[in-house]
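Visitor: Could you walk me through this one before I go back to the bench?
Guide: Gladly; here it is.

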Amino acid sequence: MTLFEQIIKPMLAEISEPFDSDEFCFEIKIDGTRAIAYIDKEKKEVRFLNRRLKWFQSNYPELLNIYENIDAKRVVLDGEIVVFKEGKPDFTALQTREHVGEKLRIKLLSEIMPATYVVFDILHLDGQDIIDKPLTERKKILEKIVKEDKRIMLSSYVIGKGKELFEKVKERGLEGIVAKRLNSKYEVGKRSKNWLKIKFLKTLDCVIVGYTKGEGWREKYFGALVLACFHENKLRYVGRCGTGLDEKGYAELTEELKKLKVEECPLEEKPKLPSDLEITWVKPKLVCEVKFMEITKDLQLRAPSFVRLREDKNIEDCILEI
């Protein structure tokens, strides 16, 4: 059975600092939703699988014709679905697209804020899995079989000059870059040193395991989120985050958290928190991205601030890498 008939977990990157190397190519890190695309040109069928292993192509009707841009019968591609605004990825618009379930509204949003599939790898081509081919060969195959337009495009890259690209990305206010070893295979479902993510902003995906009671104008909402990440195969407390949302955000997230309330702390080791802190524990289900200044020696986030919910990720993706 080939990969075209399988549920595929994408290859993931480890964290790195900017560097130069002729053994690597460097791409802009796209702020979108990771999507494995299964494209059958003969059946005129396009399916998208996210990191949570859910099919979600129905949310993007404008992308269901990209099979016309593929010069092959059947392929499996890896990439990011992005909504661009003024030439830059707009994750807020993308989240709006993904939270809609009503067909008429999906169609309307597909016209108002259309998405683009940015492709950076190919795993299967016409009956043959090609994940064991070097990245350079897979890139050449993509360039031959993908015809770019507004709905599908190839991720551009440079070879060797990672620091220069990183500085350009930083100037534009983008998220960062990804370094990929040129002779590397595609490692399905693995986090590998052959792919390295280099971020301008320090961000981390965390599991929400509880919340504190709000005060003042936030009295009817939560005060701060209690965050955790996996470290040494154990979900452990990494800090509290109470900034980064507007009132609408506090209200909506508070309602979601109330549905997940549990009596006991879901962590194996209950964190040592101030005794006067009123905490409501929740089922570890929601993932949020936070930005922060640094990770302290006792593995706590310094000055974390809420960025967004990551409904495209599982709690297992929340790994504290130090």
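Guide: What follows is a short chat about the overall fold, the surface and the aromatic rings.

Visitor: Where does the model come from, and how are residues numbered?
Guide: This is a predicted model, in which local features need pLDDT of at least 70 and side-chain atom pairs count only at pLDDT 80 or more, while totals for chains, interfaces and linings use all residues. Residues are numbered from 1 along each chain as its sequence is written, and side-chain values use heavy atoms, with hydrogens and water left out.

Visitor: How many helices and strands?
Guide: The protein chain has 5 helices and 22 strands, taken as DSSP runs (H or I, at least four residues, for helices; E, at least two, for strands).

Visitor: And how much of the chain is buried?
Guide: Buried residues, meaning those under 20% relative accessible area with a 1.4 Å probe, make up 52% of the 322 residues.

Visitor: What about the outside, how much area is exposed?
Guide: The protein chain exposes about 16,900 Å², by the Shrake-Rupley method with a 1.4 Å probe, and carbon and sulfur atoms supply 48% of that area.

Visitor: Switching topic, how many aromatic pairs are there?
Guide: The structure holds 12 aromatic pairs, counted where ring centres of Phe, Tyr or Trp (its six-membered ring) lie within 6.5 Å.

Visitor: Why is the pair of Phe48 and Phe56 called tilted?
Guide: Their ring centres are 6.1 Å apart and their planes stand at 45°, so the pair is tilted, given that planes under 30 degrees apart count as stacked and over 60 as edge-to-face.

Visitor: Are those two buried or exposed?
Guide: Both Phe48 and Phe56 are buried, and they form one aromatic cluster with Tyr60 and Tyr117.

How values were computed: Buried means under 20% relative accessible area, exposed over 50%, partly exposed in between (1.4 Å probe, protein chains only).
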